[in-house]
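Let's take a walk through this fold, one piece at a time. Have the sequence and the model open side by side, and we'll begin in the middle of things.

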Amino acid sequence: MLSLRLLTIAQLVKPNSKVLDVGTDHAYLPIYLRQMKICKEVIASDISPNALLGAQKNIERFATTGIKLVCSDGLEKISDEYDTLVISGMGTNTIIHILKEQVLPNNIILSSNNNLYELRQFMNNLGYKIVKEVAILDKGKYYDIIAYEKGKEHLSRANLEYGKSNNKEYLRHLYQKEKFVFKELNFLNKLKKIPKLIKLKGLSI
């Protein structure tokens, strides 16, 4: 049932936690956490009422207890206590919007679709340190999953840019992407120079 990404997130949840899963969608992660008895309770929230209807059907289908469904935009309508926050499958801007100016728990697990440098910098400034970072390849796409807890740490430019997963295949993938980008930029710069060269040589186009 679980994708490799969600399974990896589940493995980063500390035993006996009370988890809030924001953007739960089908509630597959909460169901797994409860079935495996990884945590005591799970609050599964989503901004979409339709998504929560599907989540409720899955909870009933797998006869899972200990999951509370809440329709909420981020943390807006969350009144229950929790010690672990999970946000995955969203972009960095959305994640930052959810976390900004909120009372946050000790443990936060994040998986963003983009702008990881900005996310790591934001969390560092917020007073959270990286406990574990995992980069996985799931269905042909890399996902970077970071477990945070409250605390200070110094992150180098390399840590901010490439993370702390030390997954060599993932780092090689990032290197190849950057090589391609720089190659494309160099090509574009050459294109920009062509009209100037033509003008200098007195040619017309």
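Start where β5 meets strand β7, residues 141-150: the two run antiparallel and are joined by five bridges. If you want a spot to hang on to there, look for Leu110, which stands opposite Ile146 in β7. Keep in mind as you look around that this is a predicted model.

Now turn to the other neighbour of β5. Strand β4, residues 84-90, is joined to β5 by six bridges, and here the two strands run parallel. A handy landmark on this side is Val86, whose bridge partner in β5 is Ile109. How does the chain get from one strand to the other? Helix α4, residues 92-99, belongs to the connection: β4, α4 and β5 make up a right-handed β-α-β unit.

So what are the surroundings of β5 like? Take its residues by direction: Asn107, Ile109 and Ser111 point one way, while Ile108, Leu110 and Ser112 point the other way, and all of them are buried. That is six of the six residues in the strand (residues 107-112), so β5 is largely enclosed by the rest of the structure.

Zoom out and the sheet comes into view. It's an open sheet of seven strands with mixed pairing, in the order β3-β2-β1-β4-β5-β7-β6. At the edges sit β3 (67-71) and β6 (128-138), each of which pairs on one side only. From one strand to the next, the twist averages 15 degrees.

How does that fit into the whole chain? There are seven helices to go with the seven strands, and reading along the sequence gives you the pattern α-β-α-β-α-β-β-α-β-α-β-β-α-α. Of the 205 residues in the protein chain, 43% count as buried.

Next, have a look at helix α5, residues 116-125. Which of its residues are buried? They are Leu116, Leu119, Arg120, Phe122 and Met123. These residues cover an arc of only 160 degrees around the axis, which means they lie on the same side of α5. After the helix comes Gly127, with a positive phi near 95 degrees.

A positive phi on a glycine is one thing, but there are also residues of other types to check. As background, most residues other than glycine have a negative phi. Asp25 has a positive one, near 60 degrees. You'll find Asp25 in the loop between β1 (17-22) and α2 (28-35). Is Asp25 buried, exposed or partly exposed? Its relative accessible area is 36%, so Asp25 counts as partly exposed.

Lys37 is another case: it isn't a glycine, yet its phi is positive at about 55 degrees. This residue lies in the loop between α2 and β2 (39-46). With a relative accessibility of 71%, Lys37 counts as exposed.

Finish with the aromatic rings. How many aromatic pairs does the structure hold? Zero. There is still a ring to look at, though: Arg5 lies over the face of Tyr143, at 5.4 Å from the ring centre.

Notes. Residues numbered from 1 in each chain as written. Predicted model: local features only at pLDDT ≥ 70, side-chain atom pairs only at ≥ 80, totals over all residues. Heavy atoms only, no water. Phe/Tyr/Trp six-rings, centres within 6.5 Å; stacked < 30°, edge-to-face > 60°. Lys NZ or Arg CZ within 6 Å of the ring centre and 35° of its normal. Buried < 20%, exposed > 50% of the residue type's maximum accessible area, 1.4 Å probe, protein only. Helix = DSSP H or I, 4+ residues; strand = E, 2+ residues; numbered from the N terminus. Pairing = 2+ DSSP bridges. Right-handed = clockwise from strand over helix to strand, strands pointing away. Arc of directions from axis to C-beta. Axes fitted to C-alpha atoms, helices over the stretch in contact; angles between N-to-C directions.
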